[in-house]
Amino acid sequence: MKFGKKTAFAAVVAAAALAIAGCSSNTPGGDGGNGGDGGDKGTMNIALVSKGFQHQFWQAVKKGAEDEAKTLGVNVTFEGPAAETEVDAQLQMLQTAINNKPAAIGYAALDPEACVAPLQQAKEQKIPVVFFDAPCNGDTGLSLAATDSKVAGALAAEHMAELIGKKGEVAIVGHSQINSTGVERRDGFVDKIKADYPDIKIVDIQYGDGDHLKSADIAKAMIAAHPNLKGIYGTNEGSAIGVVNAVKELNVEKGKITIIGFDSGEAQINAIKDGTMAGAITQDPIGIGKRTVQSAVAAAKGEKLDKFYDTGSYWYDKTNIDDPKIAAVLYK
């Protein structure tokens, strides 16, 4: 994916070409000219606002960001709302970050429209903004560090098709129909099935907000409504665990319904090892965190950035879960 091509906001591509004249101070008495490079007036401050904090995915992103901050000698704050439905709480965190005038801001948008106005304030204050995981609409973002979610969704579809014999009914428990990761992981899966697997029918798509309890209820309703269901795809950690919990609560025989998840975390890893889940797509959340801090520091210094940094996606199941290359991008 190219930043701006497979995301919903082409305007950001044009924004990538904008030159940032300076950035705000990080220390009392500082000026915009020194806030971006740390200088001798204090250490550079980078503010990161994520979509959430409770999922292990975001803890892994945080770890990657903090590790890279130590390497680069900068300060990083990392905040996110308790749940990925709390748009207002996230916007308050973003506003606080702007008010603190950091050298740069990294932002992962829950709602791509709601963040336009506050990020315009950041732009007017000459605080450069980079995105991670999911972008905001408008012309404020200089770069995006994320998984190519459409490619990842298509990869999930390919494995689902192979595992169910390329025919039958499947369903999707999504985590969002608003932010780009939810939309693209869904669309990548749906488009691949429609294009390459005519004997597979997607019978239902519903959204549980990434909450495992809501997702479990949705999955149970799907199973009841579609007795011939052969597979369910959960588009994030909470969605996938909700599906796993649903089949366990219904005492569905392991393997009768092929479950494919997204992300990692101990619960999904255990579900794959015990045969409840067939496999999942993992991202590289630590890599996302590191790349975001690298981009934020570069933006603060006025250095050129690529429009999009694809941090990769990988299929894992029982056969490769202990492979060192896969283990490196799994998180507990």
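Among contacts in the protein between residues at least 6 apart in sequence, what percentage join residues at least 24 apart? In this predicted model, the figure is 73%. The fold that these contacts hold in view contains 12 helices and 12 strands. Of its 332 residues, 55% count as buried. The protein exposes about 13,500 Å², and carbon and sulfur atoms supply 49% of that area.

Helix α8 makes a convenient case for a closer look. This helix covers residues 212-225, 14 residues in total. At 1.5 Å a residue, α8 should span 20 Å, and because its end C-alpha atoms are indeed 20 Å apart, expectation and model agree. The buried residues of α8 are S215, A216, I218, A219, M222 and I223. Viewed down the helix axis, these buried residues fall within an arc of 165°, so they line one face of α8. On the other side of the helix, L213, A224 and A225 are exposed.

The neighbours of the buried residues come next. These residues of α8 pack against three strands, β6 (168-174), β7 (200-207) and β8 (229-234), and also against a helix, α9 (237-249).

The start of α8 offers one further detail, this time a polar one. There, D211 directs a side-chain oxygen to within 2.9 Å of a backbone nitrogen, that of L213. L213 thus appears twice in this description: its backbone nitrogen lies within 2.9 Å of the D211 side-chain oxygen, and the residue is among those exposed on the other side of α8.

Notes. Residues numbered from 1 in each chain as written. Predicted model: local features only at pLDDT ≥ 70, side-chain atom pairs only at ≥ 80, totals over all residues. Heavy atoms only, no water. Helix = DSSP H or I, 4+ residues; strand = E, 2+ residues; numbered from the N terminus. Buried < 20%, exposed > 50% of the residue type's maximum accessible area, 1.4 Å probe, protein only. Contact = heavy atoms within 4.5 Å. Areas by Shrake-Rupley, 256 points an atom, 1.4 Å probe, with all protein chains shown as cover. Expected span 1.5 Å × (residues − 1). Arc of directions from axis to C-beta. Polar contact = N/O pair within 3.5 Å; in protein donor to acceptor, adjacent residues only side chain to side chain.
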